[in-house]
Amino acid sequence: MEDDIKRLPQWCQNFNEGSEAQVLELYRTLTKDFENPLYFQQFVISGHPPLNGVLFIPHHDSLEAYDWNAEGKNIKLYLRGQLVADCTHILPQYLRFVKGIFNCSSINVSAQDLRSEAILKNISEAIHAKCLQIFLQLSIDEDMHRKFLGAFLPYLKQGFNEDPSNRRHLAQLFHFQTCSGQDFVGLDQYVLHMPSDQQEVYLFIHEKCFQVSS
């Protein structure tokens, strides 16, 4: 995201007061993306100080996000509407495609406070957890989940290797095509519907289903 918006519009002091049209316009301004995001969610990061904000899942991958060595300044922090930090390393590298804007409206907090290690750690943990929650929400809608995996599956695979504490959550997002011709399904769903006498599940890596069945 670019640093074009040094100060947020007045409605961003409390993101819950913004309309969907205003949130989408803010996204396009910050990201220079002419397409609406695949999904966005407004929420509050509790703690001292609390922050109001919004997370965006883009509709497609970007060249910047595809750079595996990119630092990913994808989370912007504002204090009373004024930009104070364009964060690097606040999220694990595999989440660098997620965009976020968060504002602290407290008059008792300084820019130095907001950039402190303790507060950044709280923000990082809250956004990290919210990202995983959003991904699981997207998986409920088959069409939305297919679009999400089509754009960001390589990042989730990276996270599966690099984020062992959340590996189980990430594994729930992966879908596979079955040799029976069944459409892409998650492992839990496959096990739920497999024959009662089937004792094992095998994972084959091939480009085409017929290469496995032949």
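These are my notebook entries on what I looked up in this structure, which is a predicted model.

**Entry 1: the chain as a whole**

I began with the secondary structure and found eight helices and seven strands in the chain. I then looked up burial, and of the 214 residues 41% count as buried. For the surface, I noted an accessible area of about 12,300 Å², of which 52% belongs to carbon and sulfur atoms. I also asked how far along the sequence the contacts reach: among those between residues at least 6 apart, 65% join residues at least 24 apart.

**Entry 2: cysteines**

I searched the whole structure for disulfides and the search came back with zero. Two cysteines I looked up separately for burial. Cys87 has a relative accessibility of 7% and so counts as buried, the limit being under 20%. Cys104 is also buried, and its relative accessible area is 0%.

**Entry 3: helices H4 and H5**

Next I turned to helix H4, residues 117-140, and helix H5, residues 142-162, whose axes come within 7 Å of each other and cross at roughly 135 degrees. I wanted a word for this arrangement, and because an angle of that kind lies outside the ranges for parallel, antiparallel and perpendicular, H4 and H5 are oblique to each other. Which residues make the contact between H4 and H5? On the H4 side I listed Phe135, Leu138, Ser139 and Ile140, and on the H5 side Glu142, Met144, His145, Phe148 and Leu156. Sorted by kind, the residues of this contact are six nonpolar, two polar and one charged.

**Entry 4: Leu149 in H5**

I picked out Leu149, which is found in helix H5, and noted that it is buried, with a relative accessible area of 12%. Measured against the sequence, Ser139 lies ten residues away from Leu149, and the two are 9.2 Å apart in space, C-alpha to C-alpha. Setting aside residues up to four places away in sequence, I found that Leu149 touches Leu156, Leu173 and His175.

**Entry 5: Leu132 and Asn166**

From H5 I went back to helix H4 for Leu132, and asked whether Leu132 is buried or exposed. Its relative accessible area is 8%, so Leu132 is buried. Not counting residues up to four places away in sequence, Leu132 touches Tyr94, Asn166 and Leu170. I also noted Leu95, which is 37 residues from Leu132 along the chain, with 9.7 Å separating their C-alpha atoms.

Asn166 was in that list of contacts, and I followed it up. Asn166 lies in the loop between H5 and helix H6, residues 167-171, and this loop residue is buried, with a relative accessible area of 14%. Besides Leu132, the residue His128 is touched by Asn166, again leaving out residues up to four places away in sequence. Asn166 and Leu132 are 34 residues apart in sequence, while their C-alpha atoms are 8.5 Å apart.

**Entry 6: Gln42 in strand S1**

I then looked at Gln42, which is found in strand S1, residues 39-45. At a relative accessible area of 25%, Gln42 is partly exposed. Leaving aside neighbours within four places in sequence, I listed its contacts as Phe15, Asn16, Gly18, Val23, Gly53 and Val54. Gly100 is 58 residues from Gln42 in sequence, and the C-alpha atoms of the two are 9.6 Å apart.

**Entry 7: backbone points in the loops**

I closed with the backbone, bearing in mind that most residues other than glycine have a negative phi, and most peptide bonds are trans. Where does the chain have a cis peptide bond? I found one from His48 to Pro49, with omega near 0 degrees. Pro49 lies in the loop between S1 and strand S2, residues 51-57.

For positive phi I noted Lys32, a residue other than glycine, with a value near 60 degrees. Lys32 has its place in the loop between helix H1, residues 20-31, and S1, and is partly exposed, with a relative accessible area of 40%. Arg80, which is not a glycine either, has a positive phi of about 50 degrees. I placed Arg80 in the loop between strand S3, residues 75-79, and strand S4, residues 82-87, where it counts as partly exposed at 31% relative accessibility.

Methods:
Residues are numbered from 1 along each chain as its sequence is written. This is a predicted model: local features need pLDDT of at least 70, side-chain atom pairs count only at pLDDT 80 or more; totals for chains, interfaces and linings use all residues. Side-chain values use heavy atoms; hydrogens and water are left out. A disulfide is a pair of cysteine sulfur atoms within 2.5 Å. Buried means under 20% relative accessible area, exposed over 50%, partly exposed in between (1.4 Å probe, protein chains only). Axes are lines fitted to C-alpha atoms, for helices over the stretch in contact, and angles run from 0 to 180 degrees between N-to-C directions. Helices (H or I, at least four residues) and strands (E, at least two) are DSSP runs, numbered from the N terminus. Angles under 35 degrees count as roughly parallel, over 145 as roughly antiparallel, 65 to 115 as roughly perpendicular and the rest as oblique. Contact means heavy atoms within 4.5 Å. Ala, Val, Leu, Ile, Met, Phe, Trp, Tyr, Cys and Pro count as nonpolar, Asp, Glu, Lys and Arg as charged, and the others, Gly among them, as polar. Accessible areas come from the Shrake-Rupley method with a 1.4 Å probe; for residues, only the protein chains shown count as cover.
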